Amino acid sequence: MTYELIIGIACFGAVLQELPLWQTILEKTGFDMKPFNCAICFTFWMSLGPLVITNGVMGIFHSITAAVLAELISRQFQKI
């Protein structure tokens, strides 16, 4: 179950960073800065709460894993 959650959060974070609508929302709200417009940073902070709640202290490691996976997915999207 944990691995599916990590992969799902990573995919969500990577896809969200590629959506033009998300970039427009960030620009209009003034949140166009590092934790929100970076796949690795956004996915880490987005996944930290749910993964720590479900996995305890190991959730921190799982958040790092999800963030790195999101960055790898994002780089593959940019190749297309």
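Colleague: At roughly what angle do the axes of H1 and H4 cross?
Modeller: This is a predicted model: local features need pLDDT of at least 70, side-chain atom pairs count only at pLDDT 80 or more, and totals for chains, interfaces and linings use all residues. Residues are numbered from 1 along each chain as its sequence is written, and side-chain values use heavy atoms, leaving out hydrogens and water. Axes are lines fitted to C-alpha atoms, for helices over the stretch in contact, with angles from 0 to 180 degrees between N-to-C directions. The axes of helices H1 and H4 (helices are DSSP runs of H or I, at least four residues, numbered from the N terminus) come within 9 Å and cross at roughly 150°.

Colleague: Are H1 and H4 roughly parallel or roughly antiparallel?
Modeller: Under 35 degrees counts as roughly parallel, over 145 as roughly antiparallel, 65 to 115 as roughly perpendicular, and the rest as oblique. The crossing is at roughly 150°. H1 and H4 are therefore roughly antiparallel.

Colleague: Which residues of H4 does H1 meet?
Modeller: Contact means heavy atoms within 4.5 Å. On the H1 side, Ile6, Ile9, Ala10 and Gly13 are among those taking part. Their partners in H4 are Ala39, Phe42, Thr43, Met46, Ser47, Leu51, Thr54 and Asn55.

Colleague: What arc do the buried residues of H1 cover?
Modeller: Buried means under 20% relative accessible area, exposed over 50%, partly exposed in between (1.4 Å probe, protein chains only). In H1 the buried residues are Ile6, Ile9, Ala10, Gly13, Ala14, Leu16 and Gln17. They lie on the same side of H1, because their arc (of directions from the helix axis to the C-beta atoms) is only 165°.

Colleague: Which helices do the buried residues of H5 pack against?
Modeller: Those residues are Gly59, His62, Ser63, Ala66, Ala67, Ala70 and Ser74. Seen down the axis, they fall within an arc of 140°, so they line one face of H5. They pack against H1 and H4.

Colleague: How far apart are the end C-alpha atoms of H5?
Modeller: The expected span is 1.5 Å times one less than the number of residues. For the 22 residues of H5 this should be 32 Å. The model agrees, with the end C-alpha atoms apart by 32 Å.

Colleague: Which residues is serine 74 in contact with, leaving aside neighbours within four places in sequence?
Modeller: Serine 74 sits in H5. It is buried, at a relative accessible area of 5%. Beyond those neighbours, serine 74 contacts Ala14, Glu18 and Ala39.

Definitions and conventions:
Helices (H or I, at least four residues) and strands (E, at least two) are DSSP runs, numbered from the N terminus.
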